[in-house]
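Me: I'd like a close look at a single part of this protein, starting from one spot and working outwards. Keep it simple, please, as I'm only in my first year.

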Amino acid sequence: MSRTVRVRERMRPGAVAVAWHDSAEAALERMRTAGLDAVPVVDGPRVIGLLERAAASAARRSGNWLEAVQAASLMRHGSFACGTADPVERARAAMDRLGVGLLAVVDEGGSVVGVIGRERATAALPALAAAS
């Protein structure tokens with residue numbers, strides 16, 4: 001019988017998130033610094049969306065000055081999050097269902113404590129990795 005791998009074992013620790021009122025430019029910088037293609041958007045401790053690099057880059061290409069654009073105006077709305085104790089399989093299934101490559105990882109109080117990307121989730125699931 002195989003052991004259940006938990007999100008806490010595979011996540012990237014650190015509160016990598018932006019507030020809804022932060023600029024899209026600040027969000028892009030956070031993504032660049034963290035080496036991510038998306039960043040969770042929060043209102044206080046609660047995850048309210050996900051801002052993807054592609055959305056911010058598209059806004060820039062269309063002539064927007066990203067320092068004047070709030071992250072909330074470009075984010076995908078929803079709770080793109082999983083818990084530290086969730087099985088990695090559940091996180092991977094949520095990414096597939098939501099069509100994203102990253103989820104925020106939240107503690108019992110709902111605060112962001114890290115992120116988990118598709119690569120880390122898949123690496124924990126050898127059978128899924130082989131089938132992909």
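**From a loop to the sheet and beyond**

Reply: Leaving aside neighbours within four places in sequence, Asp86 is in contact with Val5, Arg6 and Val7. Before we go on, remember that this is a predicted model.

So where does Asp86 sit? Look in the loop between β6 and α5. Is it buried or exposed? Asp86 has 19% relative accessibility, so it counts as buried, because the cut-off for that label is under 20%. Its side chain is busy, too. The side chain of Asp86 reaches the backbone nitrogen of Gly83 at 2.7 Å. The Asp86 side chain also makes a polar contact with the side chain of Arg90, at 3.3 Å.

Now step out from that loop. On one side of it is α5, which covers residues 88-98. This helix lies across β6, β7 and β8, and it runs at about 135° to β7. On the other side is β6, one member of an open sheet of four strands. Read across, the order is β1-β8-β7-β6, and the pairing is mixed. The edges are β1 (12-13) and β6 (81-83), each of which pairs on one side only. What holds neighbouring strands together? Strands of a sheet pair through backbone hydrogen bonds, either parallel or antiparallel.

Let's follow the sheet inwards. β7 (residues 102-106) and β8 (residues 112-117) pair in the antiparallel sense, over five bridges. One place to see it is Ala104, which stands opposite Val115 in β8. These two strands make a hairpin with five residues between them, and there Gly110 takes a positive phi near 90°. As for β8, most of it is covered, with five of its six residues buried. β8 also meets β1 through two bridges, running antiparallel. Here Val115 turns up again, as the β8 bridge partner of Arg12.

Which neighbours does β1 lead us to? It is one of the elements that the buried residues of α2 pack against, along with β2 (18-19), β3 (38-43), β4 (46-52), α3 and α4 (71-74). The buried residues in question are Ala24, Glu25, Ala27, Leu28, Met31 and Ala34. A handy thing to know here: an α-helix has 3.6 residues a turn, so residues three or four places apart point the same way.

How does α2 meet α3 (residues 53-61)? Their axes come within 10 Å and cross at roughly 135°. The two helices are therefore oblique to each other, and the crossing is left-handed. The contact involves Glu25, Leu28, Met31 and Arg32 from α2, and Arg53, Ala56 and Arg60 from α3.

One last stop on α2 (residues 24-34) is Arg30. At 34% relative accessibility, Arg30 counts as partly exposed, because that label covers values between the 20% and 50% cut-offs. Its side chain reaches the backbone oxygen of Ala17 at 2.3 Å. Without its neighbours within four places in sequence, Arg30 is in contact with Ala15, Val16, Ala17, Val18 and Val39. Just past the helix comes Gly35, with a positive phi near 70°.

Conventions: Residues numbered from 1 in each chain as written. Predicted model: local features only at pLDDT ≥ 70, side-chain atom pairs only at ≥ 80, totals over all residues. Heavy atoms only, no water. Pairing = 2+ DSSP bridges. Contact = heavy atoms within 4.5 Å. Axes fitted to C-alpha atoms, helices over the stretch in contact; angles between N-to-C directions. Buried < 20%, exposed > 50% of the residue type's maximum accessible area, 1.4 Å probe, protein only. Polar contact = N/O pair within 3.5 Å; in protein donor to acceptor, adjacent residues only side chain to side chain. Parallel < 35°, antiparallel > 145°, perpendicular 65-115°, else oblique. Left-handed = near helix turned anticlockwise from the far one by under 90°.
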